[in-house]
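Trainee: Hi, could you walk me through a protein structure today? I'd like to ask things as they come up.
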Amino acid sequence: MLESNTELLKIFSEMEVMLDGREVFGMAFIRSRTSRAVFHAIRMIRSFERLSARPQPVLLALVERLSAEIKGVLEGRAAPHLGKPVLRLSEVTAEMVDQVGGKCANLGEVANRVGLPVPGGFCVTTAAFRSFFEQAGLFEAIASIRLGIAPDDPASMAAAAEDIQAAILRAPLPEDLARELEAAAGESAGDDGDAARFAVRSSAIGEDGELSFAGQYLTMLNVAPDRIVSAYKFVIASLYTPRAMSYRLLKGIPDDDVAMAAACLRLVPSRAAGVLYTRLPEDPCRDELLINAVWGLGPYAVDGVVTPDAVLLDRGSLAVTRRETAEKPRMLVPSPTGGLTDVPVPEHMRAKPCLDDAAARRLGAWGMFLERHFGRPQDMEWAMDAKGELLVLQSRQLTALADGACLAGGPPVPGAEILAEGGQGACSGAGAGPVHLVLGSDDLEAFPQGAVLVAPHSDPQFMVAMKRAAAIVTDHGSVTGHMASLSREFGVPTLLGLEGATRRFAQGEVVTVDAATARVYRGRVESLLRQDDEVEPFMAGTQIHAILAEAARRVVPLTLLDPKSPSFTPESCTSLHDVTRLLHEWSYGEMFAVSDLASGQQGVTTVLDAPTGLDLHIIDLGGGLREEAGRKRRVAPGDIASRPFLALLKGLVLTEEALAVRPVNLGGFLSVMSEQLIAQPKAGSDRFGDKSYAIVSDKYLNFSSRVGYHYGVLDCYCGATVNKNYITFSFAGGAADDVKRARRARAIGRILEALGFAVESAKDRVSGRFQKVPAPLIEEKLAHMGRLLQFTRQTDMLMVSEESVEAMVACFLSGAPCFDPAAAARAQSAPEPPQAVS
């Protein structure tokens, strides 16, 4: 269920990015995201039904209706395969990706809208592909051959790929298509005639767009005009190499849904060539771009045969910041007989730079222009012809960036004071205003116009303030979360995961939030607020964008915000996002019930041998205990493999200091005893027993401490995916009177709030939730929760006055291992809690 929740949040985020209209996408993107969204929504419903044993017919009916509506939207579109078989590059723009593939669409956009020089040429469209395959009967032949593939047998995949490629190469191209290709080649060759040479490059649907297919398909270089037809068939056949077929299988792309276009471009017999990255792949936060260059044609710049020159430029000034000129002994050049040949570089050129500063700066300017146009860091291929003229051969989104990269960073504003930096921008832009801390619902209701919302966690309920907020900053949160989706919808600059934001900024302090560079400045930074680098969304207004918007209307919007609202029901859901939100919230409550199952599992439990003060039994779901623990009846903490359980034990296992403390208040003890005697007739229904249970796997923990007349249940997931991680905790009951139990609940609630939990409490019950943060932070909080579980066990008798609440909170925040009244008295005079707790 968590896996599907995380996948759905990523899909919502990806669709919102494309709706922005600044990135190339086609029907392949819309089909894949909508079908995956429906699949994962149904998977969440089925998972919840198994978890809760409660059927969800209303939700299933809604998802089926939305799926049918989306299918209708997609089927009602104009078919891209019914257009021209050949298009001149001068006719192509980004929104034609379904007709010409990602590579042609990007290059056409670069030439015709950005206005940079590119090689001349033409595109063979997906209409040509369909016509070829239909007339030659290739769709049926391929389907028949694919029946022989065994998914777990690579040899059968290789054999099928060989047969499919052979069938494609044998099949004759339709005569009218062959004539069109020959005519387009002749036109592109111009006065050079038969001496002209072409690069025939794959341009698959999805390639260089929403999925990176780099290197999966064939490129043929130095092709003579009379060899265009055969080169085209070889490129088309590369759709069915074993590697390409396996790649599509891994990415969930059905073979029935693929189509190939091809770019036929005039070959540039380059003097030098290479690639440009507008961000450094290994360190994207540095404000530099990188150009790699080699002599001859470009493939050697990326395939490792020779070490290329490296030129680094400042992204702002385009000044050269560093050069690394390599020895380049070999280069690729066009062969007179076709194809390429490797030749030695003349001796006097081997250690010479391929680019001077002026050429490097010009390429750098082009790269930055393309990044602004496409709204993403770019990977640009370039070439310099024999006359020294530069051309763009390709530009696509730069995907090979280091994890956690700050993609949109830049230099700080000169003279402006940085208060904090870090986190991730969920919605780019800048906003300024007075800080308004939102620590509870009252703070949200009183949110003033133009303020900066600062909160511990992201929360979809912040939507009520988004029209009034200048910006949003949170200590924790995910850029693919529910609130991030809403902030993009409302266009509020949002910075999530800025650790300690609620401590760093004072109420009413005026700040400027720059979500693009992940910085917060003191006061108003007018230069940031005046910036208007917005590029016209080139996909907006196109047919494909309208289709996405119509389909996304059934997928992306979120209207279920408040889990406590009476309208938080299946009947109120209107989108797949609503279904996701509802089930995710419901699942937390269901997980508390897991601990109720443990009492009937004594036969499969293992006892923990450690000083916890609890009769603690472990149920291993798989991966929770180390293999060497085997079938031991008693295990030590060293036998535990579960990541969250190990973290909890750091606070749960009592130290020598804790074992020496005997926190007994005689008056409170007598009060508890008298309460138990008065309540004795109903004790059988209120007493929970003395066994505690830990249900564990490698990343999961459900811990129930049900001792005597009170219980605490902790449920947790702790793994590598931030969106899956959470801790929920619920505590209730006690043997004391209602007043003392309520005091203890209030103290626990105060402690949970200090630990960063969202807390709800009523009478003697309190619950808290901490979610969507990295695993190390989950582990840190679990150690505190282990200590809190020790605090909750024997505090009824100590809650003799309102001062006892403050004493318990102060004692815990001091770092004490258990509630020692003497230590609590000392801690109450301490100036502030330790940093690790806060």
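Trainee: In the hairpin of β8 and β9, which residue takes a positive phi?
Mentor: That is L318, with a positive phi near 65°. The hairpin has five residues between the strands. Keep in mind that this is a predicted model.

Trainee: Okay! How many bridges do β8 and β9 pair over?
Mentor: Four, and the pairing is antiparallel. One pair to look for is L312 with its bridge partner R322 in β9. β8 also pairs with β7, again in the antiparallel sense, over six bridges. There, L289 stands opposite L313 of β8.

Trainee: How many residues of β8 are buried?
Mentor: Five of its six residues are buried, so β8 is largely enclosed by the rest of the structure.

Trainee: Switching to helices. What covers the buried residues of α11?
Mentor: The cover includes the helix α4 (97-114) and several strands, among them β7, β8 and β12. The buried residues of α11 include W366, M368 and F374.

Trainee: How far apart are the end C-alpha atoms of α11?
Mentor: They are 26 Å apart. The helix has 18 residues, and at 1.5 Å a residue it should span 26 Å, so the two values agree. Just after the helix, G375 takes a positive phi of about 75°.

Trainee: And α14, is that mostly covered or mostly uncovered?
Mentor: Mostly covered: seven of the nine residues in α14 are buried. Among them are H482, M483 and R488. Just after α14, G491 has a positive phi of about 70°.

Trainee: New topic, salt bridges. How many are there?
Mentor: The count comes to 37. One of them joins E14 and R33, whose closest N and O atoms are 2.7 Å apart. E14 sits in helix α1 and R33 in helix α2, so the pair ties together parts that are 19 residues apart in sequence.

Trainee: Is R33 buried or exposed?
Mentor: R33 is buried, because its relative accessible area is 5%. Its partner E14 counts as partly exposed, at 26%.

Trainee: Which residue does E49 meet in a salt bridge?
Mentor: R46, at 3.0 Å from N to O. E49 and R46 are three residues apart in helix α2, so about one helical turn separates them. In an α-helix, residues three or four places apart point the same way, because there are 3.6 residues a turn.

Trainee: Got it. Which residue forms a salt bridge with R519?
Mentor: E421, with the closest N and O atoms 3.2 Å apart. This pair links distant parts of the chain: R519 is in strand β21 and E421 in strand β14, 98 residues apart. There is also a network of salt bridges with shared partners, which joins R65, E69, E550, R553 and R554.

Trainee: What about R330, which residues does it touch?
Mentor: Leaving out residues up to four places away in sequence, R330 touches Y300, V306, D342, V343, P344 and V345. R330 lies in strand β10 and is partly exposed, with a relative accessible area of 33%. Its C-alpha is 8.0 Å from that of W295, although the two are 35 residues apart in sequence.

Trainee: Last one! Which residues make the nonpolar surface patch of about 220 Å²?
Mentor: L169, L218 and F234 make that patch. L218 lies in the loop between β3 and β4, and it counts as partly exposed at 30% relative accessibility.

How values were computed:
Residues numbered from 1 in each chain as written. Predicted model: local features only at pLDDT ≥ 70, side-chain atom pairs only at ≥ 80, totals over all residues. Heavy atoms only, no water. Patch = residues over 30% accessible without salt bridge, like charges linked within 9 Å, V, L, I, M, F, W, Y side chains within 5 Å. Areas by Shrake-Rupley, 256 points an atom, 1.4 Å probe, with all protein chains shown as cover. Salt bridge = Lys/Arg side-chain N within 4 Å of Asp/Glu carboxyl O. Helix = DSSP H or I, 4+ residues; strand = E, 2+ residues; numbered from the N terminus. Buried < 20%, exposed > 50% of the residue type's maximum accessible area, 1.4 Å probe, protein only. Expected span 1.5 Å × (residues − 1). Contact = heavy atoms within 4.5 Å. Pairing = 2+ DSSP bridges.
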